[in-house]
Amino acid sequence: MISIILFFISVFCIIYYGIVILYSGIHTSFVKFWPVAAMITAFFAVFLQSNFYLGLPSIIHLLFKIFVTLITILFLILLTMIATTRSKENEEADYLIVLGAIVRGEKPSNALRERIQTAYNYLATHEKCIAILSGYQNQNASISQGKCMQKELRNMGIPAYRLLVENDARTTLENFQFSKEYMTRLQPKVLVVTSDFHLYRSLKIAKKCGYTNIKGISAKTPAPLIIHCYIRELFAIIKDFLRQ
C-alpha cells in the first residue's frame, strides 16, 4: 500500500514540476525540489517491494514506519502553523513594510503583484501610514524590487511621500533590519505585507530583529504555486531552526 502511495506521489511531483515551470519559469526558487522528490519517492516505492527490504527483521520495518510517521506529523504541524497565521488587515499602523519578490525587467512577478495590491488596499484606507518597500535588484530585473513596488503603487494613486524605498535587502532578515533605518518614530506600530505562506516565518524573524509591536497582512499566493510555496516555506522553517 505504501509503495503504491509513493508511486503516485512520484508521478504527481513530475507533473507538478511541469506546472510550476510553465507558470513561473525554470528559475523559480526551490523548483528543483520536485524532480528530486520524484526520484526519491520512486526509489522507495521500488525499494519497499524489494527482496532485500522484505528480508529485513520486522523490527527494522517497524522503526522505518515510526520514522516516516513522525516526519509526517512534524510536517503537518508546521504546515498547520503556517496556514493558520492570522492576517490583520484592520490594524492601525505607523509603518507598512512590504517585502519584495521577483521582478522581471520592470514588471512584478505574480507573487509580488499580489503583495502590491494588498499594500495598496491597506494604504488607500489608512492615509497616515507610511510604506517601506523593501527588496534588492534580483537577476533579470532592471530595477530593484523596492523601486518596482514604488512605481506600481504610484501608478495606483499612492503619493510618493508615503512610499519609502529600501533597495538593498536580499533576505527576510535584511528586509526587517534595513527597514528600521527608515523609521523615525519610537516604538512604532508596524504591519508587514507578504505572501500568506510566508507570514508566519516573517513575524518570527521580525521579532528576532527587535520589533515589539508588529503584525502581518497576508497576500494571496497564486493558485498554481500554493503547494510549491508552502512546501518551500516548510523547509525554510526547518532550516532556520537548525541554524539557531
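This is a short tour of a predicted model, going from one helix to its neighbouring loops and then to the cysteines.

**Stop 1: helix α2**

Start by selecting residues 33-47, which make up α2. How far apart are its end C-alpha atoms? They are 21 Å apart, and this agrees with the 21 Å that 15 residues should span at 1.5 Å a residue.

Now show the side chains of Trp34, Ala37, Ala38, Thr41 and Ala45, which are buried. Turn the view until you look down the axis of α2: the buried residues fall within an arc of 105°, so they line one face of the helix. The spacing has a familiar background: an α-helix has 3.6 residues a turn, so residues three or four places apart point the same way.

Next, add α1 (2-24) and α9 (226-243), which are among the elements that cover the buried residues of α2. Then swing round to the face turned away from the buried side, where you will find the exposed residues Met39 and Val46.

**Stop 2: the loop after α2**

Move on to Ser50, in the loop between α2 and α3 (51-54). Is Ser50 buried or partly exposed? Its relative accessibility is 22%, so Ser50 counts as partly exposed. Display its side chain and follow two polar contacts: one goes to the backbone oxygen of Phe47 at 2.6 Å, and another goes to the backbone nitrogen of Tyr53 at 3.3 Å.

**Stop 3: two positive phi angles**

A reminder before the next selections: most residues other than glycine have a negative phi.

Go back to the loop between α1 and α2 and pick Phe30. Its phi is positive, about 75°, although Phe30 is not a glycine. Phe30 is partly exposed, with a relative accessible area of 27%.

Then jump to Asn140, in the loop between β4 (130-134) and α6 (145-155). Asn140 also has a positive phi, near 75°, and is a residue other than glycine. With a relative accessible area of 55%, Asn140 is exposed.

**Stop 4: the cysteines**

How many disulfides does a search of the whole structure find? The search finds zero. Select Cys13 to see an example: the nearest cysteine sulfur belongs to Cys229 and is 15 Å away. Cys13 counts as buried, at 4% relative accessibility.

Finish at Cys129, which is in no disulfide either; the nearest cysteine sulfur, that of Cys209, is 19 Å away. Cys129 is buried too, with a relative accessible area of 1%.

Technical notes: Residues numbered from 1 in each chain as written. Predicted model: local features only at pLDDT ≥ 70, side-chain atom pairs only at ≥ 80, totals over all residues. Heavy atoms only, no water. Helix = DSSP H or I, 4+ residues; strand = E, 2+ residues; numbered from the N terminus. Buried < 20%, exposed > 50% of the residue type's maximum accessible area, 1.4 Å probe, protein only. Polar contact = N/O pair within 3.5 Å; in protein donor to acceptor, adjacent residues only side chain to side chain. Expected span 1.5 Å × (residues − 1). Arc of directions from axis to C-beta. Contact = heavy atoms within 4.5 Å. Disulfide = S-S within 2.5 Å.
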